[in-house]
Every structure is written in structure tokens, then in C-alpha cells.
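Reader: Hey, got a minute to go through this one with me? Let's pull it up.

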Amino acid sequence: MDPSEVEFISEKESISIVPNFSLDKIYLIGGDVGPFNPGLQLDVPLWIAVNLKQRQKCRIIAPDWMDVEILEEKKQEEQESKFFTKMPCDYYMEITQLLLQHAPDNIPKADEIRMLVKDIWDLRIAKLRSSIDIFVKSDVTHAMLNYLTLMELNTVRPFLTKALDHIQQLRNNVSYGAALWSSQD
Amino acid sequence: MWSCKLSTGTVYAADKEPRTEHRVLVLVAFEIDALCACKILQYLFQCDHVLYTIVPVTGKQDLERAFVEHSEGVQVCLLMKEDDLENIPEFRDVFLEDESDEDDLDNDSDDPETGQKKRRFDEAALIKRMEKRKWEENRKKILFEYTEFSGYGLSSSLLLYDMAWKMSKDTNDLLWLAIIGVTEQYINQHVERDKYMESIAELQPHVSRLNHRPDDEESSISIDCLKVMFDNELRLTMYRHWSLFESLCHSEYTTCKFKIWTMKGRKRLHEFLADMGLPLVQCKQKFTSMDVSYKESVKDLFKKFQDKYSINEQDLFLPSFHAQYGYKNRYCATDVIYASEAVLQDVEKEYSDSDNFLHTLDLLNRSKTECMEKGIEMAKIQLSALVKQVQSFLDANLVISAGPFLYAFVQEGTPDVKFFAKPINLARLARFTLEAYCCVSRNKKVKTLPFVLGAHHNSDMGTMLVIGIPPVLDKSLKNCFGKAFEQAAATTNSRTLHDFFDSHIIELKSEDRSKFFDALISLLQ
């Protein structure tokens, strides 16, 4: 899957906004949204929130987990644990990216949050890389990873699948060659 | 700009709901103020999903052509251009309902029975005809007075920013664009300082409102957000992006004050810098690499020593704004103007006018920092060419007095001549040359003389650009050359093109140069 596809899927997540216009409930295929009243908070899908923000029609409220202390705790947890820990949101990377791109003025301490999320991401990707390394070297047939998010998965998927294919091919060639040798003897 | 006011009624109707089935045609002149206004409008249209088409126009012919080409299915047409709003004559003085024509037709009918009546008709008709003739003469007089002097009115970007604010769609970005538009008017001497100060005073509360940040830790804002701040800026051209020394040598006021083109002037400048305690080596390197202590004290030092070198504070300092976004990008309004004008008048053969227009729109979009940097480099090149040209004018005594005005021609053949084929650069050269000549000349009268500058425009067609600017001491900035050029061209049958929106710039066939100028001299005696 393309990272843009993953971002697209993540845009379905719900987020709080405060609109500055009024509109009745709208009935969309994906679900109902509204009614919009100026000054009253409500939850909408992320794609609506970003669109409204770009048109200056709302103010976005940062999700609960997008807070410096919570993210620092999470980063600490991730550093200490050998395995992956549960992320506050399955789409933490995409949501952070979208919000900090389109609504940095609505997110308090945006720069620190950006740094913390990037640190968490780096930690997890590093763990993923080392676990793949161990997996390939130890020659096991399957492995189980918990709490991996879709975006992280899709960063390794193309490489991992191709690499394993190559390894399989080389193994097949080796065993074929060995079979030939033994048949010739 | 009344065409813009019309649009506020039609597109954004009374109930503030935009009519999305309408399409708007926006014709934009090649000026930074117009471009800023265009960007503000573009943003507003995008917010409300209004269909629009933007067409850049260089002159009146372009305008007509673009209008005819694009006007299918367009409900509203906007022209982004500064214009003089004062002294617009009354509608009824200029346009007349055509009722009198019917009476004229009746007069031809021959009716013997109502012979008596016909004579009375004749009297009434005669009186009417006399009145019409008087009205026509009055109309001619009013139109002549209206077009006699050309000037500039309210900044269009400020007008549009106001509109955006009233619709509660104003943002810091739109405010910054309005600031750039207003500053451009002052930098290019389209408005007097008082009007500029009024506009600044109007913008100041918006700046405080949108950039107010409480100083506590809790609500610190991301460094990438735009921050606009008020400052009493030093009027040294792009000094933050150049070296202090270069900037002093390329700013109109300091160059003329110190007469940098002479050896004595240069020595005086060195003295000035030494007096202030700024080491020459530091001044000649990039401003950003100067020692922090010098950088911070530059403004105060200038203030302290301005009296000794008789520098006028009003000319050296300009109340203006600067914007900061990201760690590196700190630009004051004048920097942006020089950079964008340089890009707008790019002389590369591969870029057409509309390409330059689009590049400048990109530059005003502040997320494209590489465009801005490129623009600044281009501005440096163009400014150096300009100063060199002024120097050659003065060294070779090419500024000649023709009685009622001064004139000069840019010599063909120099490689920099291509820069002056563009109107904005030409205007800047004219002002700089006039200012410099007035500083150098011993004749007191030169400060009251207007200046006409000619420059090679198009070698294929053999044309040149001629621009006329008002004298140095004339603070009202009213330019009489529009009408004067027209009349001189008419009397000598010179082949001229009065295509530019600014009537004081025209295109003239180089062969008709001498007779045109003779006519101009006799006209302005």
C-alpha cells in the first residue's frame, strides 16, 4: 500500500472541531455529520476537519493524546520495552502530519509534539528493523508482532516481501544445486 | 477600483452566501499591489468555492483582448489596478441620455400645415442644440482636467483585505499581502508619505490583533507560523540579505547623500562607517555573518550619527513591518517588493510575461522560500545594473536640460540595457537619476524640473520606452506627462503606443524621437 493510501484511510478518524458557521445535519455515505453550530464543539471525520480549516470555517482541537507529557511518557515506555507498545492512536503519524501541516496554530507546543512523535516513530522503526534482522537470521517460518500501526507496516512491506522472495529463490537454487551434486555422485 | 466595489455586491451578495454558479474573470495588471490583491482574492474564492479565471494584462490592448477572449459565461469582471479615485467627474456631466436625437429627426420633416409649429420647434431645437454644445464643451474641459494629471489612489490589496476582514476571513497571510501592497505604493512613489502613514495606521491594529501572543509557556506557537511585527525599518535596500556596504551603495537615499559614484563620496562613506565604529571588513561581508553586537546596534548607530552627516531621519527610516516564518526566513516588506519586482521583470528570453507573472505569484506564496531567494539574487543584479547606469549618466554628463525639463537617453549597446526595457525598472532608474543629478548639479533650479527618460525597448520594431516623472520638490506626485505625451504625439504625427496603464510611460518609434521631443519642449514651455 502506498503511504498516501494509508493517509487516506486515516482521514476517517474522528476529531473535535469548533465551527464558525451553522449548517444542518448532513447525510453522507460514510455516516451522518452535524449539525454545525457556531461556537459549539462537535466530532467530525478528519478529512472534513482539514477541509473546513483550510477554508477558515472552523478551529481544530488537538486530540487528547497530542499532549507533550503524554507523548513523553509514551516515548519513555517505548524506549524501555523490548516489544512494541500500544500506541495512543492507530494512525498517530498521519494525524500528526496532517494537523501540523494544516492547523499548527491550533495545536499548542506544535514543535515539541512534532519532535516527540518523530522520536517515537524512529524508535519503533529501529525496533522493527532489528526484529526483521533477527527473523531472517534465525531462519524461522513465522513471527508475531503486536501493536504495529498500518503506516509502519507499510514502510517495510514492499522491501520485506521482496527480500524474503529473493532469499527463498536463493535457497531453492542452493538446494537444487545440492540435489544435482548428490545425483551426480 | 469601482469595478471591484461592484463585485462585492454581486459575488458576495447581501446574505453573504457566494453564488457559485457565477464565474469571475480577474484581470491583473503587472504591479505588485495588483498581484497581492489578486492573491488575497484567490484565497477568498478558494474558501468559498467560487469559479474564477486570472489573466495577467500588460496594457490596455492586452486588457481588451483578454476581455474579449475570456468573457464567455462570465458574470463579473474585476480589474486589479490602482487608479486615481479623486476628482472623478459626475456621471451626468460625462454621459448624456440620447433624447435629443429624436428631436433632430423631427426637424427634417416638412409639414406646411404646421408651419407655425415647426418654427417654434426650430426655436426649441436651436436652444437645445446650443445647450448641447455648451454641455459638450464643459464635458471636454472636465475630461481634460481629469486626465491632465495622473495619480494613484487607494491600494487595492488594502481594500480587499478590508473586505476579507469584514467577512471574517482575514488571516495573517492576507494581512502580510496587504502590507506588501501598501508598501509597494510608497516605494514606487505612487503615494505621498502621509497617505502611506494612514494606511500603516490602518494596518497596525490588525497586526496586533492577529499576532498577539501571550508570553507564557502554555500557548507558545509553532515556529513555522507567520509572525508579522511592526518596526521602524532602515531604508537600506535588502540589507539583511546583502552586506551592509553593498546595501548602502545601492539605496537611493544613501547613494545620493554620499555621492558614492565619486571617489570622495566613497571615502566619506568609509568615514561614516568608521565613525559609527563598524569595521569595514565586517560591513563588506554578508549581514548575517556580521558580529551579533554590530548587527543589533546598526539602527541605533545610524540614529546617533544622522545629524553629523545631515541625514534626514524620515528618509533613512521607514515605519514598516517585517515577517518571520521558520528560523531563517525574516523578510521586511521592502525586501519582498524588490524580489518580486525583479522576478516580474525577468529578462530571460525563455520566459514570457505570463511566466514571470506566475513566478511572482509563487514568490508571494511564502511557502516557496527558494523562489524568494532567487528573487532576491535577481533583485541584486538588477539594482547593481541600475546604479552602474546612473553612474554612467553622471560621469558622461548625459542628463541634459531642455528648458522646461531634463532628459536623458539610455545608451544602446551596453549589456545592462535590457533591464530598462521594463516599465518598473525604467521608472526606478528615472527617479534615481533625477535624485542623483539634483545632488550633483549646482543649479538650484533643477529640483523643480521634471525629468524624461528614454530607453531602448524592442530592437525588431525599433521602438523605445519614454517615461516622464515629476520634479524632486513636487510632493503632490501629480504627473502631467500623460496628457503631454498624447498631445506631443498628435501634433507631430509620431508613431506612439499609449498602451501602458500608467499614462506617463509610452512606447515611441526611435526615428520619431527628435520631433517628438521638440514638440514636447514647445508644449511644456
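**Charges and cysteines**

Author: On the surface, A:Glu69, A:Glu72, A:Glu73 and A:Glu112 gather in a patch of negative charge. A patch here takes residues with over 30% relative accessible area and no salt bridge, with like charges joined within 9 Å; a salt bridge is a side-chain nitrogen of Lys or Arg within 4 Å of a carboxyl oxygen of Asp or Glu. This is a predicted model, where local features need pLDDT of at least 70 and side-chain atom pairs pLDDT 80 or more, while totals for chains, interfaces and linings use all residues. Side-chain values use heavy atoms, without hydrogens and water, residues are numbered from 1 along each chain as written, and chains are lettered from A and ligands numbered from 1 in written order.

Reader: Which helix gives the most to the negative patch?

Author: Helix H3 of chain A (residues 68-80), with three residues. A:Glu72 lies in that helix.

Reader: Is A:Glu72 buried or exposed?

Author: In between: A:Glu72 counts as partly exposed, at 44% relative accessibility. Buried means under 20% relative accessible area and exposed over 50%, with a 1.4 Å probe and protein chains only.

Reader: Switching topic, how many disulfides over all chains?

Author: Zero, counting cysteine sulfur pairs within 2.5 Å. For A:Cys58, the nearest cysteine sulfur is that of B:Cys47, 11 Å away. A:Cys58 is buried, at 8% relative accessible area.

Reader: And why no bond for B:Cys256?

Author: Because the closest cysteine sulfur, in B:Cys439, is 4.7 Å away, too far for a bond. B:Cys256 is buried too, at 2%.

Methods
Patches are made of residues with over 30% relative accessible area and no salt bridge: like charges are joined within 9 Å, nonpolar side chains (Val, Leu, Ile, Met, Phe, Trp, Tyr) within 5 Å. Accessible areas come from the Shrake-Rupley method with a 1.4 Å probe; for residues, only the protein chains shown count as cover. Lys and Arg count as positive and Asp and Glu as negative; His and the chain ends are not counted. The place of a charge is taken as NZ of Lys, CZ of Arg, CG of Asp or CD of Glu. Helices (H or I, at least four residues) and strands (E, at least two) are DSSP runs, numbered from the N terminus.
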